[in-house]
Amino acid sequence: MTFVYISSAALFGLIIYFLISSLRLKKAVSGLTQEQFIEGYRKAQLVDVREPKEFEGGHILGARNIPSSQMRQRYKEIRADKPVYLYCQNSARSARTALFLKKKGYNQIYQLQGGFRQWTGKIRTK
């Protein structure tokens, strides 16, 4: 019987953790549809947070590559006074990057919903 209580408490704790994480993410980043993303990304800093090999395989025209794995060392390359448009393959890495940038004082952070995987606009390959 105590196993059931312990399991229930662990499950409840996980649910609370994911709810809090979700709320933090919503405060840090605004998710944009592809159409909304296209409307604003030319006036913003477009950052692809995927790894270099992914970036070279194809990226949104005008994007610069600052991998999420290098963000702690390179975030100052991104201006805090201009909107930041982030994307990755499917939105997970860009969401984590948005939380990091928010902690560093960035306020205008936007993310492509669905990530590059669902992008149908213009791309460039190296």
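**Close-up 1. Phe37 is buried, and Tyr85 is buried as well.** In this predicted model, the rings of Phe37 and Tyr85 belong to a set of aromatic pairs whose count comes to seven. The pair formed by Phe37 and Tyr85 is tilted, with 5.1 Å from centre to centre and 50° between the planes. Distant parts of the chain are linked by this pair, since Phe37 lies in helix H2 (residues 34-40) and Tyr85 in strand E5 (residues 84-87), 48 residues apart. A pair of aromatic rings is described by the distance of the centres and the angle of the planes.

**Close-up 2. One aromatic cluster takes in Phe37, Tyr41, Tyr85, Tyr110 and Trp119.** Two of its members, Phe37 and Tyr85, are the buried residues of the preceding view, and their rings form the tilted pair shown there.

**Close-up 3. Ser91 is a residue other than glycine with a positive phi, near 100°.** Most residues other than glycine have a negative phi. Ser91 is placed in the loop between E5 and H5, and this serine counts as buried because its relative accessible area of 11% is under 20%.

**Close-up 4. Arg72, Lys76, Lys103 and Lys104 form a positive surface patch.** One of these residues, Lys103, is found in helix H5, which spans residues 92-103. With a relative accessible area of 66%, Lys103 is over the 50% cut-off and therefore counts as exposed, whereas Ser91, in the loop between E5 and H5, is buried.

Conventions
Residues are numbered from 1 along each chain as its sequence is written. This is a predicted model: local features need pLDDT of at least 70, side-chain atom pairs count only at pLDDT 80 or more; totals for chains, interfaces and linings use all residues. Side-chain values use heavy atoms; hydrogens and water are left out. Patches are made of residues with over 30% relative accessible area and no salt bridge: like charges are joined within 9 Å, nonpolar side chains (Val, Leu, Ile, Met, Phe, Trp, Tyr) within 5 Å. Accessible areas come from the Shrake-Rupley method with a 1.4 Å probe; for residues, only the protein chains shown count as cover. A salt bridge is a side-chain nitrogen of Lys or Arg within 4 Å of a carboxyl oxygen of Asp or Glu. Lys and Arg count as positive and Asp and Glu as negative; His and the chain ends are not counted. The place of a charge is taken as NZ of Lys, CZ of Arg, CG of Asp or CD of Glu. Helices (H or I, at least four residues) and strands (E, at least two) are DSSP runs, numbered from the N terminus. Buried means under 20% relative accessible area, exposed over 50%, partly exposed in between (1.4 Å probe, protein chains only). Rings of Phe, Tyr and Trp (its six-membered ring) pair if their centres lie within 6.5 Å; planes under 30 degrees apart count as stacked, over 60 as edge-to-face and the rest as tilted.
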